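Which aromatic rings pair with one another here, and where along the chain do the partners lie? The paragraphs below take the pairs in turn.

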Amino acid sequence: MRPALPTSSRLTYDEMTEADLDDLARLLGDAGVMAHYPHPFSRDEALGWIRWQQRNYDRDGFGLWLLRDRDGAFVGDGGLTWQVVDGEEHLELGYHLLPAHQGLGLATEAATACRELARARGVDHLIAIIAPGNAASVAVAERVGLTLDRHTVSRHGLPVVVYRAEL
């Protein structure tokens, strides 16, 4: 039995499956959404993303979940994944929204719900790994209580800032 999913007022959360590939390829292949990644994802990379989340669900009981609005329209993804920063593993709060759904408070809503789920599961802290200049992601992280922890480099060797909150 899987642990409970996050809940919030305007979004539904569900595990990704290969049936969601079209939506996730559209999200992760969008140059604007992926502006702070090394490159937009190909369809095969989006499939790899889904499979990574499925491994996370099996191992951890969480990962990035598919986000839909209350009418069932695909909005993006968001959730919790283990990430290594400076040689230490931390639970990261992550989120990606389609451009039409950005700026509406949905990333903050999803991040808040995921933070509360992590807290309920006894997690002691969360991080967010953010590319310098990604003001929208910094704003979401700060709205859910994360503060600047450090400047470092990502696993791809790119500069990042790490925001952190004790739960």
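Phenylalanine 62 is a convenient place to begin, since at 6% relative accessibility it counts as buried, where buried means under 20% relative accessible area, exposed over 50% and partly exposed in between, computed with a 1.4 Å probe on protein chains only. The model is predicted, so that local features need pLDDT of at least 70 and side-chain atom pairs count only at pLDDT 80 or more, whereas totals for chains, interfaces and linings use all residues. Residues are numbered from 1 along each chain as its sequence is written, and side-chain values use heavy atoms, with hydrogens and water left out.

The partner of phenylalanine 62 is tryptophan 82, and because the ring centres are 6.5 Å apart with the planes at 45°, the pair is tilted; rings of Phe, Tyr and Trp (its six-membered ring) pair if their centres lie within 6.5 Å, and planes under 30 degrees apart count as stacked, over 60 as edge-to-face and the rest as tilted. Tryptophan 82, with a relative accessible area of 31%, is partly exposed. This pair links distant parts of the chain, 20 residues apart, with phenylalanine 62 in the loop between α2 and β2 (64–69) and tryptophan 82 in strand β3 (residues 74–85); helices (H or I, at least four residues) and strands (E, at least two) are DSSP runs, numbered from the N terminus.

Across the whole structure, a search finds 4 aromatic pairs. In one of them, tryptophan 49 and tryptophan 52 have ring centres 5.1 Å apart and planes at 65°, so the pair is edge-to-face. Both residues lie in helix α2 (residues 43–60), 3 residues apart, about one turn of the helix. Tryptophan 49 is buried at 9%, while tryptophan 52 is partly exposed at 22%. Together with Tyr37 and Phe41, Trp49 and Trp52 form one aromatic cluster.
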